[in-house]
Amino acid sequence: MSTMMWLAVAVAVVLALAVGYVLLRQRRQGLRGRFGPGYEHSLTEREDRAEAEHELRSREKRFATLDITPLAPRLPADLRPAVGHAAGAVRRRARSRRHRGR
């Protein structure tokens with residue numbers, strides 16, 4: 001092979017390593033961002049970083065399969081009176097305690 005061919009192969013290898021490194025860092029940053037302190041905790045519990053990151057990625061996959069629906073922002077109409085009555089009772093009890101000096 002000519003010198004130019006070796007040079008082209010070397011440049012291709014260096015570029016492939018650089019792209020792999022950048023992708024690995026992005027994946028680690030993504031895990032760290034999603035799991036926060038849990039990422040560091042997982043690193044200390046596992047023997048090596050690859051094992052800890054594999055566990056976190058498998059958690060992500062399990063979570064993605066769950067059918068999670070957000071809770072309603074307000075109480076259903078049939079529960080509002082009950083909650084309102086309970087809150088009123090708590091306020092009345094607090095007022096009566098204040099008046100008695102407790």
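Visitor: In what order do the elements of the chain run from the N terminus on?

Guide: They run α-α-α-α. Keep in mind that this is a predicted model. The chain has 4 helices and 0 strands.

Visitor: How do I judge burial across the chain, and what share of the 102 residues counts as buried?

Guide: Look at relative accessible area; buried means under 20%. Here 10% of the 102 residues make that cut. For contacts, take the pairs at least 6 apart in sequence: 27% of them join residues at least 24 apart.

Visitor: Let's go helix by helix. How does the reach of helix 1 sit against what is expected?

Guide: The general idea is to set the span from first to last C-alpha against a rise of 1.5 Å a residue. Helix 1 covers residues 3-35, 33 residues in all, and reaches 48 Å, close to the expected 48 Å. Right after helix 1 comes G36, with a positive phi near 55°.

Visitor: Then helix 2 follows. At what angle do helix 1 and helix 2 pack?

Guide: About 115°, with the axes 5 Å apart. Angles of 65 to 115 degrees count as roughly perpendicular, and helix 1 and helix 2 are therefore described that way. On the helix 1 side the contact has R28, L31, R32 and F35, and these meet P37, G38, Y39 and E40 of helix 2. Sorted by class, that contact has 4 nonpolar, 1 polar and 3 charged residues.

Visitor: Why would contact residues on a helix recur at spacings of three or four?

Guide: That's helix geometry: an α-helix has 3.6 residues a turn, so residues three or four places apart point the same way. Keep it in mind as you read the contact lists.

Visitor: On to the next pair. How do helix 2 and helix 3 cross?

Guide: Helix 2 (residues 37-45) and helix 3 (residues 49-65) cross at roughly 130°, and their axes come within 8 Å. The two are therefore oblique to each other. As for handedness, helix 2 passes helix 3 in a right-handed crossing. Y39, S42 and L43 of helix 2 make the contact with R49, A52, E53 and L56 of helix 3. Those residues divide into 4 nonpolar, 1 polar and 2 charged.

Visitor: S42 caught my eye. Is S42 buried or exposed?

Guide: Buried, because its relative accessibility is 2%. S42 lies in helix 2. Leaving out residues up to four places away in sequence, S42 touches A52 and L56.

Visitor: And helix 1 against helix 3: which hand does that crossing have?

Guide: Helix 1 passes helix 3 in a left-handed crossing. The axes come within 11 Å and cross at roughly 60°, so this pair is oblique too. Helix 1 brings R27, R28, L31, R32, R34 and F35, while helix 3 brings R49, E53, L56, R57, R59 and E60.

Visitor: How many of the residues in the contact of helix 1 with helix 3 are charged?

Guide: There are 9 charged residues, alongside 3 nonpolar and no polar.

Visitor: Pick one residue of helix 1 to finish. What is R32 in contact with beyond its sequence neighbours?

Guide: Set aside the neighbours within four places, and R32 contacts Y39, E40 and R49. R32 is in helix 1, and it counts as partly exposed because its relative accessibility is 31%. You can also compare positions along the chain with positions in space: R32 and E53 are 21 residues apart in sequence, and their C-alpha atoms are separated by 9.5 Å.

Methods. Residues are numbered from 1 along each chain as its sequence is written. This is a predicted model: local features need pLDDT of at least 70, side-chain atom pairs count only at pLDDT 80 or more; totals for chains, interfaces and linings use all residues. Side-chain values use heavy atoms; hydrogens and water are left out. Axes are lines fitted to C-alpha atoms, for helices over the stretch in contact, and angles run from 0 to 180 degrees between N-to-C directions. Angles under 35 degrees count as roughly parallel, over 145 as roughly antiparallel, 65 to 115 as roughly perpendicular and the rest as oblique. A crossing is left-handed if the near helix is turned anticlockwise from the far one by less than a right angle, and right-handed if clockwise. Contact means heavy atoms within 4.5 Å. Ala, Val, Leu, Ile, Met, Phe, Trp, Tyr, Cys and Pro count as nonpolar, Asp, Glu, Lys and Arg as charged, and the others, Gly among them, as polar. The expected span of a helix is 1.5 Å times one less than its number of residues. Buried means under 20% relative accessible area, exposed over 50%, partly exposed in between (1.4 Å probe, protein chains only).
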